[in-house]
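Take a walk through this model with the coordinates open. The route goes from open space to closed space, then along a helix and out to single residues.

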Amino acid sequence: MKYIIGIGGVTNGGKTTLTNVLKKTLPNCCVIHQDDFFRPQDQIEVGEDGFRQWDVITALDMEAMVSTVKGWLENPVKFARSHGVTVSPSAEDPDRDTHILIVEGFLIYNYKPLVEIYDKCYYITIPYEECKRRRSSRTYTVPDPPGLFDGHVWPMYLKHRKDMDDNCNAIVYLDGLKPKDDIYSTVFGDIQNTLLNS
């Protein structure tokens with residue numbers, strides 16, 4: 001059985017932290033991180049707000065991301081091995097055994113070809129103040145210029161969140177202010193329950 005989980009959320013909400021813990025505990029689990037599909041900086045447009053438009057879907061090579069997901073769908077065992085994931089000996093037959101793919105990112109529910117493939121969708125939210133605090137404490141390869149969070153990042157989050165809410169019905173929202181262990185337990189228990197009842 002092939003099972004695809006989406007882990008979406010606001011910037012610095014805890015998506016990667018949750019994904020990394022799930023990857024260690026779920027069977028035959030691979031991960032595709034949306035951040036790996038950013039276009040080169042010289043291909044990122046500068047918007048009317050004066051900032052490079054990193055927080056929009058065109059900043060990402062979504063066709064390549066979908067192609068990567070399709071590669072997993074075609075052969076999850078081969079995909080796992082090529083990405084350094086150890087496959088349990090009994091998992092050689094993807095039609096008989098469970099294989100899980102986690103797709104993680106901030107706009108994974110804003111691209112229709114991806115929205116249609118998820119078996120389970122989670123979205124981590126945190127309020128503005130906490131998001132800004134976390135974002136300001138992180139170091140990025142391309143540092144945030146002054147005013148980026150209020151002038152671009154948060155407004156784009158609100159826009160994309162509204163689009164997502166209007167177009168996706170099956171999302172489970174998670175409070176990113178809760179302890180990490182609680183968020184993990186909720187999601188892991190939900191996934192286990194779904195797998196047992198499939």
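What follows is a reading of a predicted model.

Start with the largest pocket. Its volume is about 970 Å³. The lining counts 35 residues, and those closest to the pocket centre are Thr 11, Asn 12, Asp 35, Arg 138 and Tyr 140. Five elements each give two or more residues to this lining: α1 (15-25), β3 (99-105), α5 (128-136), α6 (148-167) and α7 (180-196). Helix α1 gives the most, with five residues. By class, the pocket lining holds 13 nonpolar, ten polar and twelve charged residues.

Now turn to closed space. There is one cavity of 30 Å³ or more. The volume of the largest cavity is about 90 Å³. Which residues line the largest cavity? From the N-terminal part of the chain come Gly 9, Val 10, Thr 11 and Asp 55. Further along, the lining takes in Phe 106, Leu 107 and Tyr 123. Val 153, Met 156, Tyr 157, His 160 and Arg 161 complete the list. Helix α6 supplies the largest share of the cavity lining, five residues. The classes here are seven nonpolar, three polar and two charged residues. Thr 11 links the two spaces: the residue lines the cavity and is among those closest to the centre of the pocket.

Next, look at α5, one of the elements of the pocket lining. Glu 130, Cys 131, Arg 134 and Arg 135 are buried in this helix. These four residues sit on the same side of α5, because they cover an arc of only 130 degrees around the axis. The general geometry fits: an α-helix has 3.6 residues a turn, so residues three or four places apart point the same way. The other side of α5 carries Glu 129 and Ser 136, both exposed. The cover over the buried residues of α5 includes α6.

Glu 130 deserves a closer look. This residue lies in α5. Is Glu 130 buried or exposed? Glu 130 counts as buried, because its relative accessibility is 17%, and the cut-off for buried is under 20%. The side chain of Glu 130 makes a polar contact of 2.8 Å with the side chain of Arg 134. Both partners belong to the buried set of α5.

Arg 134 has a second link, through its backbone. The backbone oxygen of Arg 134 lies 2.8 Å from a polar atom of the Ser 137 side chain. Ser 137 is placed in the loop between α5 and α6. Ser 137 counts as exposed because its relative accessibility is 56%, where exposed means over 50%. From Ser 137 to Asn 197 is 60 residues along the chain, and their C-alpha atoms are separated by 41 Å.

Go back to the start of the chain. Gly 8 lies in strand β1 (residues 2-9). At 1% relative accessibility, Gly 8 counts as buried. Which residues is Gly 8 in contact with, leaving aside its neighbours within four places in sequence? They are Lys 15, Gly 105, Ile 108, Tyr 109, Tyr 122, Tyr 123 and Ile 124. Val 66 is 58 residues from Gly 8 in sequence and 16 Å away in space, C-alpha to C-alpha.

Two asparagines need a look at the backbone. Most residues other than glycine have a negative phi. Asn 12 has a positive phi of about 60 degrees. Asn 12 lies in the loop between β1 and α1, and is buried at 9% relative accessibility. Asn 12 is also among the residues closest to the centre of the largest pocket. Asn 28 has a positive phi too, near 45 degrees. Asn 28 is found in the loop between α1 and β2 (29-33). At 10% relative accessibility, Asn 28 counts as buried.

End at Asp 49, in the loop between β2 and α2 (62-74). Asp 49 is partly exposed, with a relative accessible area of 33%. The side chains of Asp 49 and Gln 53 are joined by a polar contact of 2.9 Å. Beyond its neighbours within four places in sequence, Asp 49 is in contact with Gly 151 and His 152. The C-alpha atoms of Asp 49 and Gly 147 are separated by 10 Å, though the two residues are 98 apart along the chain.

How values were computed:
Residues are numbered from 1 along each chain as its sequence is written. This is a predicted model: local features need pLDDT of at least 70, side-chain atom pairs count only at pLDDT 80 or more; totals for chains, interfaces and linings use all residues. Side-chain values use heavy atoms; hydrogens and water are left out. On a 1 Å grid over the protein atoms alone, a cavity is a set of points where a 1.4 Å probe fits but cannot get out, and a pocket is an open set with protein on both sides within 12 Å along at least five of seven lines; lining residues have an atom within 4 Å of a point. Grid points are joined across faces, edges and corners, and a volume is the space filled by probe spheres set on the points. Ala, Val, Leu, Ile, Met, Phe, Trp, Tyr, Cys and Pro count as nonpolar, Asp, Glu, Lys and Arg as charged, and the others, Gly among them, as polar. Buried means under 20% relative accessible area, exposed over 50%, partly exposed in between (1.4 Å probe, protein chains only). A polar contact is a pair of N or O atoms within 3.5 Å; within protein, one must be able to donate a hydrogen and the other to accept it, and residues adjacent in sequence count only if both atoms are side-chain atoms. The arc is that of the directions from the helix axis to the C-beta atoms. Contact means heavy atoms within 4.5 Å.
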